[in-house]
Amino acid sequence: MTLRARLTLWYTGVLAAVLLLFASTVYVSLTLNLTNQVEQTLNQTADEVLATLSEGLPEDLALTLRALDLTSKVSLQILNDQGEVIWQSINTPIVEGILDPGNVPATSNIFSTISIDSLDYRVLTVPVFRRPDDVLLGFLQLGEDLETVQSISRTLLTMLLGGGVLALMAAAIIGYAAAGAALSPLEQVTQTALQITRADDLSRRIPLLGPPRGEVGNLIQAFNESLERLDGVFQTQRRFLADVSHELRTPLTAIRGNVDLIRQMGSADTESLDVITSEVDRLTRLVRDLLLLAQAETGKLPLAREMIELDTIMLEVFQQARVLAKDGVVLRIGHEDQACVEGDRDRLKQVLLNLVANGLEHTPAPGTVTLDLSCDGTWAVWRVSDTGPGIPEGDLPNIFDRFYRRDPSRKRKPGGGAGLGLSIAYWITRNHGGDIQVESKVGKGSTFIVRLPLSSTSKNSSVS
Ligand code: ADP
């Protein structure tokens, strides 16, 4: 069953239950109320009659009762103590016999409902005692037909049922139409989603139908966000494949060229062998980096867990990288706190080395690359700042992506990176529970900030 039909059914069902409850309450209370009024009339009449009989049955019973001018609606029978009718009003529906023989003899006032010629009567049976000696004189039976009560109840029931059925039909039709109108955007969402699937075009988005904060609006937004993510993942995958093929093809072409040259010459010259060695090294580095990235991205990078002094690593990197600085570019250590973290020494050194190597590579002379180490609460913070060209704002969100290089021509300098250095730094830092950020202004320089959680001993010593 469709959601629309189910909603309509639920809605109509609930309304039917409410209407039924309402109708039965109205019907029952009105019928009780009207019957109550009949009983009151019977009680009042009984009281009037009893008042005249309290001293014994008078000789001229008929005259006495007629003098009471009783209401014509009420039929009256007077029975002796044996339960035989000794007087009855002319409007009594029973010509012979008693109205309700079942309740005679009665010891107290009893109401009953009897049916005579398919007309219902409310009957009150009352024992009559002589006062003050309480001798039983006989019984009174008073009856009033329930025709008015029943006809009012019947009319009410017809109105309630008819009105209820009409209301339910109207509610079902309106509810079905309203559910259709409310769910129609969902149908459009389904159609658009199917079109996207058939066209295999993840760049398409479902247009926002209705208010953006409504249920359908939320669904469309969530769906579009999923599409966006999927699109991103597929694009990254395609780009990754293209990048890997490109990175592998270039050194392989160089190796192939040099092997052909050696074959033509009939002997291997040193220059060709050097190129082959260098390209094989490049390939080895690339494969090693890719493996490392694959492991780090899935959280499966094997990491040693030892206590490491980041200041010592910074010093080692400083000494190692100084030789990479070109003329006019100074590598210096700025602020230096002592900071211990728990992690893999070689991997963390690789992070800092990548950042420093990038800084030195991109900073033209005259320029400076500065290393800082500070403690910030529970974090150790490495900063690598340079006075290089900076990174445009548009590139910043992608700078840590695999194979991302700002140079679109992809011209590689010999020994130049494949665009994996920052990605590796990012993932190693993440695997250590830290994060890496970049602040950069074009023309002013860049600062890469690595934050790593301080080890507990380091925290204690910094507190004391
Ligand atoms: P690569 O190994 O090619 O250097 P990275 O992942 O280390 O790759 O860096 C990606 C890109 O980020 C580089 O191609 C470069 O354009 C940019 N980049 C990295 N560090 C700096 C820096 N300090 N100053 C300016 N650009 C930088």
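**Note on the ligand site and the cysteines**

1. The ligand has 17 residues around it. Closest are N358, D386, Y404, G419 and L422. Bear in mind that this is a predicted model.

2. Three backbone contacts to ligand oxygen deserve a look. L422 places a backbone N or O atom 2.8 Å from an oxygen atom of the ligand. For G419, a polar backbone atom is 3.0 Å from a ligand oxygen. G421 has a backbone N or O atom 3.3 Å from an oxygen atom of the ligand.

3. How much of the ligand does the protein cover? On its own, the ligand has 540 Å² of accessible area, and the protein covers 93% of that.

4. Which elements give two or more residues to the shell around the ligand? They are α7 (345-362), α8 (421-431) and β12 (445-453). The most comes from α7, with three residues.

5. The shell is mixed in character. Seven of its residues are nonpolar, seven are polar and three are charged.

6. Now the cysteines. Across the whole structure, the search turns up zero disulfides. C340 is in none, and its nearest cysteine sulfur, in C375, is 9.1 Å away. Why does C375 not bond to C340? The closest cysteine sulfur to that of C375 is the one in C340, and 9.1 Å is too far for a bond, because a disulfide needs the two sulfur atoms within 2.5 Å.

7. Are these two cysteines buried or exposed? C340 has 19% relative accessibility, so it counts as buried. C375 has 29%, so C375 counts as partly exposed. The cut-off for buried is under 20%.

Conventions. Residues numbered from 1 in each chain as written. Predicted model: local features only at pLDDT ≥ 70, side-chain atom pairs only at ≥ 80, totals over all residues. Heavy atoms only, no water. Buried < 20%, exposed > 50% of the residue type's maximum accessible area, 1.4 Å probe, protein only. Near = heavy atom within 4 Å. Polar contact = N/O pair within 3.5 Å; in protein donor to acceptor, adjacent residues only side chain to side chain. Areas by Shrake-Rupley, 256 points an atom, 1.4 Å probe, with all protein chains shown as cover. Helix = DSSP H or I, 4+ residues; strand = E, 2+ residues; numbered from the N terminus. Nonpolar A, V, L, I, M, F, W, Y, C, P; charged D, E, K, R; others polar.
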